[in-house]
Amino acid sequence: MEESSSVRAHPGPHPEDNGRSTQWRNWTGFWFLGLCNNFAYVVMLSAAHDILKKQESENATASVSFTLNADVHGGNKTNSSRYDCNPVSTAAVLLADILPTLVIKLSAPFVVHKVPYGIRVLFCVAMAALSFLLVSFSSSVWMSILGVIFASISSGLGELSFLSLTVYFSRDVLGGWGSGTGGAGVAGALLYSGLTQMGLSPRVTLLIMLLVPLGLLRFVLPLCLVYYAEYFINQGLMELLYFPSFFLSHAEQYRWYQTLYQVGVLVSRSSLCCMKIRKLWALALLQVLNAVILLLAVRFQFLPSAWVVFIIILYEGLLGGAAYVNTFYFISVETEDRHREFAMAAASVGDSLGIALSGLCAFPVHSYFCSL
């Protein structure tokens with residue numbers, strides 16, 4: 001009896017406490033995975049305007065070259081268009097950032113399960129780190145684009161792998177993953193915008209951001225329509241929504257558009273614990289409406305200030321993030337166990353396909369408006 005009393009006097013942890021602790025640990029782990037996985041992808045989109053910016057050679061007889069060392073504070077003075085256009089649309093960076101991801105998502109679900117998760121993670125880290133180095137030290141726009149491609153490979157393979165990994169955990173980790181990818185958007189866009197605003201060059205800023213993919217070593221089809229309208233706005237229209245009389249320069253306006261969009265994505269991707277939206281097509285249609293409004297705004301220039309665009313872009317991010325996290329949540333709920341891992345990997349094709357299509361459509365739109 002004394003021994004029994006002694007045991008009762010020193011009870012172990014309650015099973016429910018262990019369960020909650022494990023769930024919180026798993027949720028946090030997937031949050032960091034989402035943050036690290038999408039970081040390079042987001043930074044490349046935020047840096048798109050700088051990557052493609054034109055810099056005059058100091059030698060008057062030398063040809064004009066494209067580098068990241070362009071003046072990040074002024075407009076593009078070498079064209080006569082009222083939209084202050086770069087020679088190439090920022091959609092070029094978008095396509096380099098999404099087409100490799102699309103190819104991976106279309107093909108990898110059939111073979112990637114043969115490669116251990118550890119090897120996949122190491123490969124993703126190497127690609128992300130290499131992308132920052134290539135873009136930072138690039139001597140031409142094409143070298144920068146190659147760096148963007150490496151970021152895309154890292155993000156695409158990582159997303160496919162980590163979403164497949166969620167089937168071995170409780171469904172709560174999807175909320176962590178979704179919130180983490182949203183956090184990557186805000187962290188990447190805000191850090192890039194903030195550091196360059198403080199006076200650091202894009203090259204130095206990208207080198208600082210190398211810390212994030214290296215930190216990943218510590219952590220071992222409505223979507224298509226939503227992301228088509230969403231990234232058509234982001235990389236097709238944002239750079240054309242320029243307000244010359246605003247206190248921010250063209251490049252600065254573009255960076256803060258991207259940052260506010262990512263803030264909206266973070267909020268909505270973190271909302272799964274509070275609300276779930278089953279009507280995904282409603283989100284898609286609202287996103288299409290956003291695209292139409294902003295397309296008309298570019299053509300007829302009826303928006304009075306960049307402040308109005310800031311609000312619309314924030315709303316756009318809320319819609320896109322909600323579509324992403326709710327899509328994968330309902331896949332996890334409604335798909336049979338034996339099919340769930342494949343379904344998670346295959347469904348991730350939807351956003352990449354939509355983004356790729358938006359990049360292709362952005363080129364003729366850019367050319368049309370810049371010829372006015």
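The exercises below, each with a worked solution, concern a predicted model of a protein chain.

**Exercise 1. Overall composition**

Determine how many helices and strands the protein chain has, and what share of its residues counts as buried.

Solution. The secondary structure of the protein chain consists of 15 helices and two strands. The chain has 372 residues, and 55% of them count as buried. As a further step, consider the surface: its accessible area is about 16300 Å², and carbon and sulfur atoms account for 68% of that area.

**Exercise 2. Annotated spans**

Describe the secondary structure and the end-to-end C-alpha distance of residues 141–162 and of residues 306–330.

Solution. Begin with the record: the unreviewed UniProt entry carries the annotation "transmembrane region" for several spans, including residues 141–162 and 306–330. Residues 141–162 are 100% helix and 0% strand in the model, with end C-alpha atoms 31 Å apart. For residues 306–330 the content is likewise 100% helix and 0% strand, and the distance between the end C-alpha atoms is 36 Å.

**Exercise 3. Salt bridges**

State how many salt bridges are counted, and classify the residues of each as buried or exposed.

Solution. The principle is that side chains of opposite charge can pair when their charged atoms come close. The cut-off is a nitrogen-to-oxygen distance within 4 Å. The count comes to two salt bridges.

1. Arg255 pairs with Asp50, and their closest N and O atoms are 3.5 Å apart. Arg255 has a relative accessible area of 1%, so this residue is buried. Asp50 is also buried, at 1% relative accessibility.
2. Lys105 pairs with Glu159, with 2.3 Å between the closest N and O atoms. This salt bridge links distant parts of the chain, since Lys105 belongs to helix α4 (residues 91–107) and Glu159 to helix α6, 54 residues apart. Lys105 is buried at a relative accessible area of 1%, and Glu159 is buried at 6%.

**Exercise 4. Aromatic pairs**

Find how many aromatic pairs the whole structure holds, then analyse the geometry of Phe30 with Phe169 and of Phe246 with Phe310.

Solution. The search of the whole structure gives 17 aromatic pairs.

1. In the pair of Phe30 and Phe169, the ring centres are 5.2 Å apart and the planes meet at 75 degrees. An angle over 60 degrees counts as edge-to-face, and this pair is therefore edge-to-face. Phe30 lies in helix α2 (residues 15–46) and Phe169 in the loop between α6 (141–165) and α7 (172–197), so the contact ties together parts 139 residues apart in sequence. Phe30 is buried at 3% relative accessibility, whereas Phe169 is partly exposed at 33%.
2. Phe246 and Phe310 are also edge-to-face, at 6.1 Å centre to centre and 75 degrees between the planes. Phe246 is in the loop between α10 (222–237) and α11 (250–269), and Phe310 is in helix α13 (residues 306–334), so the pair ties together parts 64 residues apart in sequence. Phe246 counts as buried at 12% relative accessibility, as does Phe310 at 8%.
3. Phe246 and Phe310 belong to one aromatic cluster together with Phe247, Tyr257 and Trp307.

**Exercise 5. Charges over rings**

Identify which rings lie beneath the charged end of Arg269 and beneath Lys276.

Solution. The charged end of Arg269 sits over the ring of Tyr324, at 3.7 Å from the ring centre. Lys276 lies over the face of Tyr329, and the distance to the ring centre is 5.3 Å.

Notes. Residues are numbered from 1 along each chain as its sequence is written. This is a predicted model: local features need pLDDT of at least 70, side-chain atom pairs count only at pLDDT 80 or more; totals for chains, interfaces and linings use all residues. Side-chain values use heavy atoms; hydrogens and water are left out. Rings of Phe, Tyr and Trp (its six-membered ring) pair if their centres lie within 6.5 Å; planes under 30 degrees apart count as stacked, over 60 as edge-to-face and the rest as tilted. Helices (H or I, at least four residues) and strands (E, at least two) are DSSP runs, numbered from the N terminus. Buried means under 20% relative accessible area, exposed over 50%, partly exposed in between (1.4 Å probe, protein chains only). A charge sits over a ring if NZ of Lys or CZ of Arg is within 6 Å of the ring centre and within 35 degrees of the ring normal. Accessible areas come from the Shrake-Rupley method with a 1.4 Å probe; for residues, only the protein chains shown count as cover. UniProt positions are given in the numbering used here, feature names are shortened, and annotations may be inferred rather than shown by experiment. A salt bridge is a side-chain nitrogen of Lys or Arg within 4 Å of a carboxyl oxygen of Asp or Glu.
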